[in-house]
Amino acid sequence: MEPILEITHVSKTYGKKEALKDVSLKIEPGKVVGLLGPNGSGKSTLIKLINGLLQPTDGQILVAGQALGIETKKMISYLPERTYLNEWMKVKDLLGFFSDFYEDFDIEKARQMLATLKIDEDSKLKTLSKGTKEKVQLILVMSRKAKLYVLDEPIGGVDPAARDYILNTIIKNYSEESSVIIATHLIQEVENICDDIIFLGYGEVRLQGNVDDIRQEKGQSIDALFREVFRC
């Protein structure tokens, strides 16, 4: 089966600084993949490259076998670390915006999730708590029928109850034909929902593979292994 994402010998430099160094990896369909690394490891740079927001200095990135471009952007649903939604908009306005902008947006699915959480569509974003805003943004992103969902720190800065909901929403709302990348430094929170993990440190892939295989081989949790590899 063709990989959803294939990154081959990708490097990214900013002047003399190497943000990514010869990164190669593949992500197969139907996987939840943890992109794990400390701050400054290159996670955000890699995510921006996948989304076409930056161009690699060297190497190639393919999404569903296609080079990055307009068509691949249609296949990716991206949750940035910082919200880009306008605070003055009502939730129902955001539903309309996503419905108009994305052909694959399932507005009924989004409405069902909002109703489950008792989030009023007439509420303005600025009146919602941080955790509720995070949920609204995730609902919008996960209501697309994308091939690849790229989530940058989706559980950072929210309370444990909100984290549980966010992680459950991720698990329930992707298909066997799509995959999810979760970039985070909160290893304990995502370890049990990930099929595969990628350790990224100082712009290099330090470890990658199946979670169960790595736990069995190393004899410890992914969180403990992360702390060992990065000495945190």
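Is glutamate 6 buried, partly exposed or exposed, and what is its relative accessibility? In this predicted model, glutamate 6 comes out at 23% relative accessibility and so counts as partly exposed, the cut-off for buried being under 20%. Its side chain forms a salt bridge with lysine 26, with the closest N and O atoms 3.8 Å apart. That pair ties together distant parts of the chain, since glutamate 6 sits in strand S1 and lysine 26 in strand S2, 20 residues apart.

The two strands holding this pair are also partners in a sheet. S1 (residues 5–14) and S2 pair in the antiparallel sense over 7 bridges, and isoleucine 7 faces leucine 25 of S2 across the pairing. The sheet they belong to is an open one of 4 strands, ordered S2-S1-S4-S5, with antiparallel pairing. S2 (17–27) and S5 (66–67) take the edges with a single partner strand each, so one side of each has no neighbour in the sheet. Across S1, S2 and S4 (58–63) lies helix H1 (residues 43–50), which runs at about 120 degrees to S1.

A second open sheet is built from 6 strands in the order S6-S7-S8-S3-S9-S10, and here the pairing is mixed. Its edges are S6 and S10 (204–210); each has a single partner strand, so one side of each is left without a neighbour in the sheet. On average, and ignoring direction, neighbouring strands of this sheet are turned by 15 degrees against each other. At the S10 end, helix H8 (residues 211–218) lies across S9 (196–201) and S10, running at about 100 degrees to S10.

Strand S7 deserves a look of its own. All 5 of the 5 residues of S7 (residues 148–152) are buried, so the strand is largely enclosed by the rest of the structure. In a regular strand the side chains alternate between the two faces of the sheet. Both faces of S7 are covered, with Leu148, Val150 and Asp152 buried on one side and Tyr149 and Leu151 buried on the other. S7 pairs with S6 (residues 76–79) in the parallel sense over 4 bridges; in that pairing, serine 77 has tyrosine 149 as its bridge partner, and tyrosine 78 stands opposite valine 150. S7 is also joined to S8 (residues 179–184), again in parallel, by 5 bridges, with leucine 151 partnered by isoleucine 182.

One residue of S7, aspartate 152, is a bit of an oddity on the charge side: aspartate 152 is buried yet has no salt bridge, and the nearest side chain of opposite charge, lysine 43, is 6.7 Å away. Setting aside residues up to four places away in sequence, aspartate 152 touches Ser44, Ile47, Leu79, Pro80, Glu81 and Ala183.

Turning to the helices, H5 (residues 130–142) has 13 residues that should span 18 Å at 1.5 Å a residue, and its end C-alpha atoms are 18 Å apart, which agrees. H5 is mostly covered, with 11 of its 13 residues buried; among them are Lys135, Ile139 and Met142. The buried residues of H5 pack against S6, H3 (91–101), H4 (107–116), S7 and H6 (160–172). On the H6 side, tyrosine 165 has 17% relative accessibility and therefore counts as buried. Beyond its neighbours within four places in sequence, tyrosine 165 is in contact with Met113, Leu117, Lys135 and Ile139.

H5 is also tied in through charge. Its lysine 133 forms a salt bridge with glutamate 87, the closest N and O atoms being 3.0 Å apart. This is another link between distant parts of the chain: glutamate 87 belongs to the loop between S6 and H3, lysine 133 to H5, and the two are 46 residues apart. Both ends are partly exposed, glutamate 87 with a relative accessible area of 31% and lysine 133 with 23%.

In total, the structure holds 10 salt bridges. Arginine 227 and aspartate 223 make one of them, at 3.2 Å from N to O. Being 4 residues apart in helix H9 (residues 222–230), these two are separated by about one helical turn. Arginine 227 is partly exposed, with a relative accessible area of 40%, whereas aspartate 223 is buried at 11%. Finally, Glu108, Arg111 and Glu121 are linked in a salt-bridge network.

Terms used. Residues are numbered from 1 along each chain as its sequence is written. This is a predicted model: local features need pLDDT of at least 70, side-chain atom pairs count only at pLDDT 80 or more; totals for chains, interfaces and linings use all residues. Side-chain values use heavy atoms; hydrogens and water are left out. Buried means under 20% relative accessible area, exposed over 50%, partly exposed in between (1.4 Å probe, protein chains only). Two strands pair if DSSP finds at least two bridges between them. Lys and Arg count as positive and Asp and Glu as negative; His and the chain ends are not counted. A salt bridge is a side-chain nitrogen of Lys or Arg within 4 Å of a carboxyl oxygen of Asp or Glu. Contact means heavy atoms within 4.5 Å. Axes are lines fitted to C-alpha atoms, for helices over the stretch in contact, and angles run from 0 to 180 degrees between N-to-C directions. The expected span of a helix is 1.5 Å times one less than its number of residues.
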